[in-house]
Structure formats: C-alpha cells, structure tokens
Amino acid sequence: MTAAGASAKPNSLCPRCGAAFRCGMVGGDAECWCVKLPHIMPVPSGPSTTTTGTAGASCFCPACLQKITDDRQHDTPPARN
C-alpha cells in the first residue's frame, strides 16, 4: 500500500474474502498498492462492490491478491524452448 493508501479510508470490498480495503484505482490515487506485486494477471473487467455499495474496480484485497500471486507463480510451468 502506498503511504496515502495506508491511512486512507477503505473504499472497496474483496470479492474473495469480503474484506474492506483501499483500492487506489477507485480512490483516484496516483498509484495503487497492487502495482508493487508481480503482474501475473489483468485486473478483472467486471465491477466489484465498493464500501459505499457502488461499482468500482474489480480488485482483491492485499492478502488475497498476494495469495493468488504466490499460488500462480508456483503453479506456472517453466517456459519451453
């Protein structure tokens, strides 16, 4: 999470676990915490629910996205030459 995101009010709900978290895309931040993770998948195109009940970016909370990232990196077969 960026310094601004760490103290900012949560604005999204994780579709995987239901946790409230701060999404920089929804909040209009200059950068979101998720850009620091490896880019292993695109942001889903469907809307998720924000903490205000409106549609926002489809994001996972930091804990879930870290777990998904870790799992996908370990499950990826090596590239063939």
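**Notebook: core, cysteines and Ser12**

I began with the largest nonpolar core, which I found to hold 12 residues in all: Cys14, Phe21, Cys23, Cys32, Trp33, Leu37, Cys59, Phe60, Cys61, Cys64, Leu65 and Ile68. Looking up where these residues sit, I noted that helix H3, spanning residues 62–75, supplies the largest share of this core, namely three residues. I keep in mind throughout that this is a predicted model. As background I wrote down that in soluble globular proteins nonpolar side chains tend to be buried together.

Next I turned to the cysteines and asked how many disulfides the count comes to. With a pair of cysteine sulfur atoms required to lie within 2.5 Å, the count comes to zero disulfides. For Cys59 I looked up the closest cysteine sulfur, which belongs to Cys23 and lies 3.2 Å from the sulfur of Cys59, and I therefore recorded the pair as too far apart for a bond. Cys61 is likewise in no disulfide, the nearest cysteine sulfur being that of Cys64, 3.7 Å away.

I then checked whether these two cysteines are buried or exposed. Cys59 has a relative accessible area of 10% and I entered it as buried, while Cys61, with a relative accessible area of 4%, is buried too.

My last entry concerns Ser12, which I located in strand E1, residues 12–13. Ser12 counts as buried because its relative accessibility is 1%, which is under the 20% cut-off. I also looked for a partner of its side chain, and found that the side chain of Ser12 makes a polar contact with the side chain of Asn11, at 3.2 Å.

Conventions. Residues numbered from 1 in each chain as written. Predicted model: local features only at pLDDT ≥ 70, side-chain atom pairs only at ≥ 80, totals over all residues. Heavy atoms only, no water. Core = buried A, V, L, I, M, F, W, Y, C linked by side-chain atoms within 4.5 Å. Buried < 20%, exposed > 50% of the residue type's maximum accessible area, 1.4 Å probe, protein only. Helix = DSSP H or I, 4+ residues; strand = E, 2+ residues; numbered from the N terminus. Polar contact = N/O pair within 3.5 Å; in protein donor to acceptor, adjacent residues only side chain to side chain.
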